[in-house]
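Please open the model in your viewer and keep the selection tool at hand. The tour begins at a single residue and then widens to the whole chain.

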Amino acid sequence: MAPSTTTFTATYTNSTDLSPSFTLTKDVPTTTSTHSSTSSSSSEEMTTSDRAKYLHELRQIAATFQDDINRELTQRMEEDNKRAGQNGGGDQSKGKEAEAKEEENYGEEVVEEDE
């Protein structure tokens, strides 16, 4: 009997339509145990070693999936920046300062302070 899988899907849609949306999918095994629906699950539970192996595989798949998503988003961000540079073409130093500030605060929620 082939191992059963679940498909994880990540979809990105850009609200500004500058970059095309994308969808990534990854097949993930549901378990390494092979029970039939009529068998008693208590007598055929996964061993601790099997569970540890399965969780290790899931962590690797999740890390790979995250890397794929980050690569796609970075590529789109670079394309958007190139387009903005071609269209705006104005003061490049302000853009570089804003980009440096974005990089510094990447992944953090930034609350603007009142002056």
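Which residues does Arg76 touch, not counting residues up to four places away in sequence? Select Arg76 in this predicted model, and then add Tyr12, Ser19, Pro20, Ser21 and Phe22, which are the residues that Arg76 touches once those up to four places away in sequence are left out.

Next, extend the selection to residues 48-88, which form helix H1, the element in which Arg76 has its place. Within this selection, show the side chains of Arg76 and Glu72, which make a polar contact with each other at 2.6 Å. If you then turn on a surface, is Arg76 buried or exposed? Arg76 is buried, because its relative accessible area is 12%, and the cut-off for burial is under 20%.

Now select the whole protein and colour the chain by secondary structure, which comes to two helices and two strands, running β-β-α-α from the N terminus on. Of the 115 residues of the protein, 12% count as buried, while the exposed area is about 9500 Å², of which carbon and sulfur atoms supply 48%. Among contacts between residues at least 6 apart in sequence, 53% join residues at least 24 apart.

Finally, colour by pLDDT: the mean for the protein is 76, and 69% of its residues reach 70 or more. Select residues 33-43, where the pLDDT is below 50 and where the stretch has seven contacts in the model beyond near neighbours in sequence. Where pLDDT is low, the predicted coordinates should not be read in detail.

Conventions:
Residues are numbered from 1 along each chain as its sequence is written. This is a predicted model: local features need pLDDT of at least 70, side-chain atom pairs count only at pLDDT 80 or more; totals for chains, interfaces and linings use all residues. Side-chain values use heavy atoms; hydrogens and water are left out. pLDDT is the predictor's confidence in each residue, from 0 to 100. Contact means heavy atoms within 4.5 Å. Helices (H or I, at least four residues) and strands (E, at least two) are DSSP runs, numbered from the N terminus. Buried means under 20% relative accessible area, exposed over 50%, partly exposed in between (1.4 Å probe, protein chains only). A polar contact is a pair of N or O atoms within 3.5 Å; within protein, one must be able to donate a hydrogen and the other to accept it, and residues adjacent in sequence count only if both atoms are side-chain atoms. Accessible areas come from the Shrake-Rupley method with a 1.4 Å probe; for residues, only the protein chains shown count as cover.
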